[in-house]
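Got your viewer open? Load the model below and keep the selection box handy, and we'll walk through it stop by stop.

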Amino acid sequence: MSKPRVRREDLKPGEVLCEYCTARCCQYFAFPIEKPKTWSDFDHIRWYLMHGNCAVFVDDGTWYILIYSPCQHLLPDNRCGIYEHRPQVCRDYSTDDCEYDNDACYDQFFETPEQIWEYAEAILPERKQPVWNRPRRYDPLRLPVL
Ligand code: SF4
Ligand code: SF4
């Protein structure tokens, strides 16, 4: 049976918040990306999101890509399987400001290609032609000019 969910402020002395969590912070990883400025930049993000199991969000003006993928060392009971040898990023993370009781309230959050494209259409000048209508260049490794 799963443990009852408790509020941070209800923790008793000596209790650890993680004991009541489903290890939310071990279910994904995220890293900053360049802020998109052009149609080409947004087209790249559209491509990221086509792969699923990922999202792009903006927090305090910084853009991030988030990949939903549980850590391979997460145990079935939501404990860390390599606690003594866990990476520094895990050691530096604290329950003080973790996502235990927040629902990812970021400045912006995009989960689908359609969402990021709608946003691009709202903020960028009108493009002459959708990129997918442009003729392919001879060199398939070159990016299309947008
Ligand atoms: S640090 Fe926060 S999000 Fe991570 S397992 Fe502990 S309570 Fe859950
Ligand atoms: S190494 Fe341990 S603490 Fe770090 S993400 Fe994996 S399971 Fe979580």
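How do the residues of the shell around ligand 1 divide into nonpolar, polar and charged? This is a predicted model, and in it that shell holds 8 nonpolar, 1 polar and 2 charged residues. To see them, select L17, C18, C21, A23, R24, C25, Y93, T95, C98, E99 and Y100, which surround ligand 1.

Next, jump to ligand 2. Pick C26, C71, H73, L74, C80, I82, R86, P87 and C90, the residues around this ligand. Here the shell splits into 7 nonpolar, 1 polar and 1 charged.

Now for the strands. Highlight β2 (residues 54-59) together with β3 (residues 62-68): they pair antiparallel, over 6 bridges. Zoom in on C54 and you'll find I67 as its bridge partner in β3. The hairpin has 2 residues between the strands, and D60 there takes a positive phi near 50 degrees. Then add β4 (residues 108-110), which runs antiparallel to β2 and is joined to it by 3 bridges. Across that pairing, F57 stands opposite F109 of β4.

Last stop: Y64, back in β3. Buried or exposed, which is Y64? Y64 comes out partly exposed because 14 other C-beta atoms lie within 10 Å, a count between the 12 or fewer of an exposed residue and the 20 or more of a buried one. Select its contacts beyond four places in sequence: A30, F31, P32, I33, V56, F57 and D59. One of them, I33, is worth a distance label: I33 and Y64 are 31 residues apart in sequence, yet their C-alpha atoms are 5.3 Å apart in space.

Definitions and conventions: Residues numbered from 1 in each chain as written. Chains lettered and ligands numbered in written order. Predicted model: local features only at pLDDT ≥ 70, side-chain atom pairs only at ≥ 80, totals over all residues. Pairing = 2+ DSSP bridges. Helix = DSSP H or I, 4+ residues; strand = E, 2+ residues; numbered from the N terminus. Near = placed C-beta within 6 Å. Nonpolar A, V, L, I, M, F, W, Y, C, P; charged D, E, K, R; others polar. Contact = placed C-beta atoms within 7 Å.
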